[in-house]
Amino acid sequence: MIYGDINYLFLDHMYKHFILPLIMYDKKHNSHLVQTLSMFFSNNFSYTQTSKLLFIHINTLRARLKKIEELINVDFKNTDSLMNLYIAMRAFQSEKLINKN
């Protein structure tokens, strides 16, 4: 059962480091950073397709992604950053994380 505990601790850390700050920002500023990030991943990092599906200008998408980078200190040009962020988002989306606070 130790593996479950380790996985939970890892996912909890990923959630708190990468996703929770975006959720808090979205609530405070009525923005859509979590949705934007999810759509960006779902569309294989396509700026054009993501902006079309979100019904926003491509520059608005760029600004949102820049805000995400600043808030959680990631670089979308860095593969490790993207992988960590993707893992955190997928864990959040699959609701495998029990404690979300």
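## Exercises on a five-helix model

Phe 10 sits in helix α1, which spans residues 2–29. Keep in mind that this is a predicted model.

**Exercise 1.** Work out whether Phe 10 is buried, partly exposed or exposed.

*Solution.* Start with the cut-offs: buried means under 20% relative accessible area, exposed means over 50%, and partly exposed lies in between. Now take the value for Phe 10, which is 40% relative accessibility, so this residue counts as partly exposed.

**Exercise 2.** Find the residues that make a nonpolar surface patch with Phe 10, and the helix that gives the largest share of the patch.

*Solution.* First, list the members: Phe 10, Met 83, Tyr 86 and Ile 87 make a nonpolar surface patch of about 360 Å². Next, look at where they come from: helix α5 (residues 79–94) provides the largest share, 3 residues. Phe 10 itself belongs to helix α1.

**Exercise 3.** Now turn to Thr 36: is this residue buried or exposed, and which residues does Thr 36 contact beyond its neighbours within four places in sequence?

*Solution.* Begin by locating Thr 36 in helix α2, residues 33–42. Its relative accessible area is 0%, so Thr 36 is buried. Then set aside neighbours within four places in sequence; the contacts of Thr 36 are Thr 50, Leu 54, Leu 61, Arg 64 and Leu 65.

**Exercise 4.** Describe the protein as a whole, from its helices to its surface.

*Solution.* Count the elements: there are 5 helices and 0 strands, giving the pattern α-α-α-α-α along the sequence. For burial, 37% of the 101 residues count as buried. Finally, the accessible surface comes to about 6700 Å², with 55% of it belonging to carbon and sulfur atoms.

Terms used:
Residues numbered from 1 in each chain as written. Predicted model: local features only at pLDDT ≥ 70, side-chain atom pairs only at ≥ 80, totals over all residues. Heavy atoms only, no water. Patch = residues over 30% accessible without salt bridge, like charges linked within 9 Å, V, L, I, M, F, W, Y side chains within 5 Å. Areas by Shrake-Rupley, 256 points an atom, 1.4 Å probe, with all protein chains shown as cover. Salt bridge = Lys/Arg side-chain N within 4 Å of Asp/Glu carboxyl O. Helix = DSSP H or I, 4+ residues; strand = E, 2+ residues; numbered from the N terminus. Buried < 20%, exposed > 50% of the residue type's maximum accessible area, 1.4 Å probe, protein only. Contact = heavy atoms within 4.5 Å.
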